[in-house]
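Reader: Got a minute to go through this model with me? I'd like to poke at a few spots.
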Amino acid sequence: LNGPSMSNFLVSSFSLSSAPRSAVFRIQDELRNAQKEVTTGRFADVGLTLGSRTNQTVSLRVERESAIRIQEANTLIGQRFDTMQTALESIAKTGENLLASLISNGPADAGISASVQQAKAGLQQFMGAINAASGSRFLFSGAATDQPALAFTKVGGGVASSYEDSSTAKKAVNDALTAAAPASAADLEAFLDGAFNDLFKVPEPSDGTGWDMWSKADPSPVVNRISDSETLDVSYPASDEAFRNIVKAYVMISDLGAKTMDEEQRQLLTSRAVETLSLGLSQLTEIRAEIGGKQSRLEITNETLGTRKNVLTMSISSFEDVDAYEASTRVTTLTNLLEASYALTARISRLSIMNYL
């Protein structure tokens, strides 16, 4: 038959319900993104929203993370300096007390006996303070942070608990004194300037003599980066001359037989101990002032880093943050639309072609 063509339309319950369901899925997806934006304050998909500008926010985030990491590291350096200052203050007070005792008591028998005991106690206190640590790292060991700044080896091997505990350092002092056998003030002066002084020198290279018997600190500088363009030496090893002079003064009084010396020798010994201890304490003050300057510098740097971090955060926000009011409005609109879609889908799902046959 050559009649007019006719079109066939297929109508089913499935086709009627599929379209609303697809709309529901789409609205649900948009609602999840909108809710995420309300919660985080950022675009749900930054890369999709910003497109080619995403590289800018990535660069800004990398720069901000770098500032945060440096700032956190600087906080640890600040804590290190605080602990150092506490230890140095303790060493200074003990040294100043002995210095006052030597000056006020003089070389008399009673006075020198008190000074000898005070010097022994001062040496023990010095050992405890100079071995200050932050976590598991010793602060005055220079680059050798895993080793105590001051440690003694026993004669014959092993670790001595203190200078007095049969240490090789004490034996070296006694041996040098016995070999010199100073019988006069002139002999004592030669001994102090010669063999005794050598016991507190830093040998280069290290050979186990001199200050090596007292400390294994590595004098190599420990440099930390505190900003993109600044570094800071944070090490003050026990081999510093200030520490050696203080210990030398303690040992002069505690271990050279001051009680058995004649008046002239004792006068010389006391005078030299005062001179050496005064120099050591003066040098210690310089170290404390230098650390104080670095603490101030660190504080200024951290403030600058904080400001920089805030500026970077605002720059990132200008790219990534959503309008909170607009995002909330979208959530409300999408929620209403979703509820309407649910209602429509429910109504369509109850329709059946069988009802119309």
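Author: Sure. One cut-off before we start: a residue is called buried when its relative accessible area is under 20%. Also keep in mind that this is a predicted model.

Reader: Fine. Then let's try Gln85: what does its relative accessibility make it, buried or exposed?
Author: Gln85 comes out at 17% relative accessibility, so it counts as buried. It sits in helix α3, which covers residues 54-105.

Reader: And which residues is Gln85 in contact with, leaving aside neighbours within four places in sequence?
Author: Those are Arg288, Ile291, Gly292 and Gln295.

Reader: OK, switching to α5. How many residues has it got, and how far does it reach?
Author: Helix α5 runs over residues 168-180, so 13 residues under the DSSP assignment. From first C-alpha to last it reaches 18 Å, close to the 18 Å expected at 1.5 Å a residue.

Reader: Which residues in α5 are buried?
Author: Ala169, Lys170, Ala172, Val173, Ala176 and Leu177. Looking down the axis of α5, the buried residues fall within an arc of 160°, so they line one face of the helix.

Reader: What's on the other side of α5?
Author: Thr178 and Ala179, both exposed there.

Reader: And what covers the buried residues of α5?
Author: The cover includes β3 (152-153), α6 (185-193), α7 (195-198) and α8 (241-255).

Reader: Since α6 came up, which of its residues are buried?
Author: In α6 the buried ones are Ala185, Leu188, Phe191 and Leu192. Down the axis of α6 they fall within an arc of 120°, so they line one face of that helix too. Turned away from the buried side, α6 carries the exposed residues Ala186 and Ala190.

Reader: Now the backbone. What follows α5?
Author: Ala181 does, with a positive phi near 40°. Ala181 is not a glycine, and its place is in the loop between α5 and α6.

Reader: Where is Ser166, and what is its phi?
Author: Ser166 is in the loop between β4 (159-160) and α5. Its phi is positive as well, about 50°, although Ser166 is not a glycine.

Reader: How exposed is Ser166?
Author: Ser166 is partly exposed, at a relative accessible area of 48%.

Reader: Why point out these backbone spots?
Author: Because most residues other than glycine have a negative phi, and most peptide bonds are trans.

Reader: Where is there a cis peptide bond, then?
Author: One joins Glu204 and Pro205, with omega about -5°. Pro205 lies in the loop between α7 and β5 (223-225).

Reader: Last topic, pockets. How much space lies in the largest pocket?
Author: About 210 Å³. It is lined by 14 residues, and the closest to its centre are Asn197, Asn245, Lys248, Thr276 and Leu279.

Reader: Which elements give two or more residues to that lining?
Author: They are α6, α8 and α9 (263-320). The largest share, five residues, comes from α8.

Reader: How does the lining of the largest pocket divide into nonpolar, polar and charged?
Author: Four residues are nonpolar, three are polar and seven are charged.

Reader: Great, thanks. I'll go and look at those spots.

Note on methods:
Residues are numbered from 1 along each chain as its sequence is written. This is a predicted model: local features need pLDDT of at least 70, side-chain atom pairs count only at pLDDT 80 or more; totals for chains, interfaces and linings use all residues. Side-chain values use heavy atoms; hydrogens and water are left out. Helices (H or I, at least four residues) and strands (E, at least two) are DSSP runs, numbered from the N terminus. The expected span of a helix is 1.5 Å times one less than its number of residues. Buried means under 20% relative accessible area, exposed over 50%, partly exposed in between (1.4 Å probe, protein chains only). The arc is that of the directions from the helix axis to the C-beta atoms. Contact means heavy atoms within 4.5 Å. On a 1 Å grid over the protein atoms alone, a cavity is a set of points where a 1.4 Å probe fits but cannot get out, and a pocket is an open set with protein on both sides within 12 Å along at least five of seven lines; lining residues have an atom within 4 Å of a point. Grid points are joined across faces, edges and corners, and a volume is the space filled by probe spheres set on the points. Ala, Val, Leu, Ile, Met, Phe, Trp, Tyr, Cys and Pro count as nonpolar, Asp, Glu, Lys and Arg as charged, and the others, Gly among them, as polar.
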